[in-house]
Amino acid sequence: MKTTFRPRLLNGQTGDPALLLSMRWQGRSILIDLGRIDRTPAAVLLPIEAVFVSHAHMDHFMGFDQLLRLFLARDAVLRLYGPVGIADCVAGKLAGYTWNLTDTYQFAIEVTEIGERELLRWSFAAADRFTRRSTGSAPHDGTVFADRVFTVEAAPLDHKIVSMAYAVTERTHLNVRAGALEALGARPGPWLNALKSAIRAGAAAETPIEIAPGDRRTLAELREALLIETAGQKVAYVVDTLFSPANAARIVRLARGADLFYCESPFLDEDIDQATRRYHLTARQAGALARAAGVQRLAVFHFSPRYEGRYADLAAEAQEEFTGHRMRYGELDERSPQLS
Ligand SMILES: [Zn+2]
Ligand SMILES: [Zn+2]
């Protein structure tokens, strides 16, 4: 079973952060961070249904206008997540334009501010001239989004302001083994989805599932007889953060066991003082975090332009710390890592 996720840094390792996660077979995408996206074709951006913003420094948020322009006339809702204060930033962006002719538009932005213990929700509807409306709050336990395909967790990091890190995890694939239904004497039907939902919800082994009128089997029996279970893939994303014990602990917890870890790597370790002053990581620190979190692959990005002509050194330093051995140049192209 191949993974659903297809991740791509829209501006490569050196441009503004914007990680597009497309979901194969689903026609859906999410975007993590919203740096400039004006060179990305509209067809690539239109499937985006949610944007997860780390923080509102300009290189992470200036793509907002572009996305707004593209989505404005659509009958769609764009969900936007970010640290507390992101609703003010959205309101500020929207206040910069005149909205007297959008009364009949269906488009709305639903903003979720991720607090330490609470998710605060706001709505901005085009038909309402993008007036900010509170739509309530919910307790926050680390997971900020969940549906039947994937979940998104968030962890606040210290960048002198909050910079939110994210981990996107695909749910376990549950596939029916070829020939297993026939062997059980069962016919496919809605009960198969009921079985999968019960398993995903962590229902008890003895939970009865009716596979035909009057024919009840236990969840455990059906699970054993019918299903192949494949763990989903996990992609973690960390940008703009100080290398402190508290941040490192949060990053390692969030990224633990990720198949692919996108981590900022703006500075070489020789410039560690500069990195620390600016609340950023060095490439070596990115490698150390990846190793501590036990990730499968590390993809570094958000390189400082000061290293133009030496970008390969940033990737090499990170990979060397991560893997413990010096990489050859040809091994370093992490621009579009593919999950398989
Ligand atoms: Zn920043
Ligand atoms: Zn940045």
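1. A quick term before we start: a crossover is right-handed if, with the strands pointing away from the viewer, the path from the first strand over the helix to the second runs clockwise. By that rule, strand 5, helix 4 and strand 6 form a right-handed β-α-β unit. Helices (H or I, at least four residues) and strands (E, at least two) are DSSP runs, numbered from the N terminus.

2. Some housekeeping. This is a predicted model, in which local features need pLDDT of at least 70 and side-chain atom pairs count only at pLDDT 80 or more, while totals for chains, interfaces and linings use all residues. Residues are numbered from 1 along each chain as its sequence is written, chains are lettered from A and ligands numbered from 1 in the order in which they are written, and side-chain values use heavy atoms, with hydrogens and water left out.

3. Let's take the eight-stranded sheet. This open sheet has the order 1-2-3-4-5-6-7-8 and mixed pairing, where two strands pair if DSSP finds at least two bridges between them. At its edges sit strand 1 (5-9) and strand 8 (132-139), each pairing on one side only. Neighbouring strands here are turned by 20° against each other on average, direction ignored; axes are lines fitted to C-alpha atoms, for helices over the stretch in contact, and angles run from 0 to 180 degrees between N-to-C directions.

4. Which way do strand 2 and strand 3 pair, parallel or antiparallel? Strand 2 (residues 19-23) and strand 3 (residues 28-32) are antiparallel, with five bridges. One partnership to look for is Leu19 with Ile32 of strand 3.

5. Strand 6 is a good place to linger. Seven bridges tie it to strand 5 in the parallel sense, and Pro83 stands opposite Ile114 of strand 6. With strand 7 the pairing is antiparallel, again over seven bridges, and Glu113 faces Leu120 in strand 7. A hairpin of three residues links strand 6 to strand 7. Six of the seven residues of strand 6 are buried, meaning under 20% relative accessible area (exposed is over 50%, partly exposed in between; 1.4 Å probe, protein chains only).

6. Now the helix of that β-α-β unit. Helix 4 (residues 86-94) lies across strand 5 (77-83), strand 6 (108-114), strand 7 (118-125) and strand 8, and runs at about 150° to strand 6. Helix 3 (residues 64-71) packs against helix 4 at an angle of about 65°, with the axes 11 Å apart. Phe64, Asp65 and Leu68 of helix 3 and Val90, Lys93 and Leu94 of helix 4 make the contact, which means heavy atoms within 4.5 Å.

7. On to the six-stranded sheet. This one is also open with mixed pairing, in the order 9-10-11-16-17-18. Strand 9 (143-146) and strand 18 have a single partner strand each, so one side of each is left without a neighbour in the sheet. The twist averages 15° from one strand to the next. Inside the sheet, strand 11 (residues 162-170) and strand 16 (residues 234-238) run antiparallel, joined by four bridges; Thr169 is opposite Lys234 of strand 16. Helix 10 lies across strand 17 (260-264) and strand 18, at about 155° to strand 17.

8. Asp158 is worth a click. This residue belongs to strand 10 (residues 150-158) and is partly exposed, at a relative accessible area of 33%. What does Asp158 touch, leaving aside its neighbours within four places in sequence? The contacts are Thr241, Leu242, Asn247 and Tyr279. Asp158 and Asn247 are 89 residues apart along the chain, yet their C-alpha atoms are separated by 6.6 Å.

9. Finally, helix 11. Its expected span is 1.5 Å times one less than its number of residues, so the 13 residues of helix 11 (residues 311-323) should span 18 Å, and the 19 Å between the end C-alpha atoms agrees. Buried residues in helix 11 are Leu314, Ala315, Glu317, Ala318, Gln319, Glu321 and Phe322, and their cover includes helix 10 (283-293) and strand 18 (297-301). Just past the helix, Gly324 has a positive phi of about 85°.

10. Don't skip the loop leading into it. Ser304 lies between strand 18 and helix 11 and counts as buried, at 13% relative accessibility. Beyond its neighbours within four places in sequence, Ser304 is in contact with Pro266 and Tyr311.
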